[in-house]
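User: Got a minute to go through a fold with me? I'd like to start with one strand and work outwards.
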Amino acid sequence: MFYVNKKGNHVPLTLTEHARRRFALRWERLHGQKAVRVQGGVAIASVDEAIEKLFLAASRVKATGRRYQERLKKHGKDTLYFKADEFTFVVQNGIIKTIEISSKTGRELNKQKAASS
């Protein structure tokens, strides 16, 4: 995976284990199924393949709104955001740090559920 920066250079991306786990968990919460399926219900062999397919369709988000300004304070000014379907990829220094649900109806599913006692 890669993205093209402002100078037109390809920037290769690496995927953290955190991003893999969060994507799989959030996919299950959003779609109610463990198997990751993308593009017309076609089964994807692995989480990495699903992430790659989504990222290829993603477009860069300009962080100009209030919500993105708050996120930049949280993640750092060198953070880039890419959005595809209902997911947002958080990229910092060529590393996909996490993948969040960004749809209005599913955004609350990003939050960790507290362990019941």
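**Around strand β7**

Analyst: Sure. One thing up front: this is a predicted model. A good place to begin is the hairpin of β7 and β8, which has two residues between the strands. There, Asp 85 takes a positive phi near 50 degrees.

User: How many bridges hold β7 and β8 together?

Analyst: Six, and the pairing is antiparallel. Within that ladder, Ala 84 sits opposite Phe 87 of β8, and Tyr 81 faces Val 90.

User: OK, and what about β6 and β7, how many bridges there?

Analyst: Three bridges, with β6 (residues 59-61) running antiparallel to β7. Arg 60 is the residue opposite Phe 82 in β7.

User: Zooming out, what's the strand order in the sheet?

Analyst: β3-β9-β8-β7-β6, an open five-stranded sheet with mixed pairing. β3 (14-15) and β6 are the edge strands, each pairing on one side only.

User: Which strands does helix α3 touch?

Analyst: Helix α3 (residues 66-75) packs on the sheet and contacts β6, β7, β8 and β9. Its direction makes about 130 degrees with that of β7.

User: And α1, which strands does that one lie across?

Analyst: Helix α1 (residues 17-31) lies across β3, β8 and β9 (95-101). Relative to β9, α1 runs at about 15 degrees.

User: Back to β7 then. Why call it largely enclosed?

Analyst: Because five of its six residues (the strand spans 79-84) are buried, β7 is largely enclosed by the rest of the structure. Buried here means under 20% relative accessible area.

Terms used:
Residues are numbered from 1 along each chain as its sequence is written. This is a predicted model: local features need pLDDT of at least 70, side-chain atom pairs count only at pLDDT 80 or more; totals for chains, interfaces and linings use all residues. Side-chain values use heavy atoms; hydrogens and water are left out. Buried means under 20% relative accessible area, exposed over 50%, partly exposed in between (1.4 Å probe, protein chains only). Helices (H or I, at least four residues) and strands (E, at least two) are DSSP runs, numbered from the N terminus. Two strands pair if DSSP finds at least two bridges between them. Contact means heavy atoms within 4.5 Å. Axes are lines fitted to C-alpha atoms, for helices over the stretch in contact, and angles run from 0 to 180 degrees between N-to-C directions.
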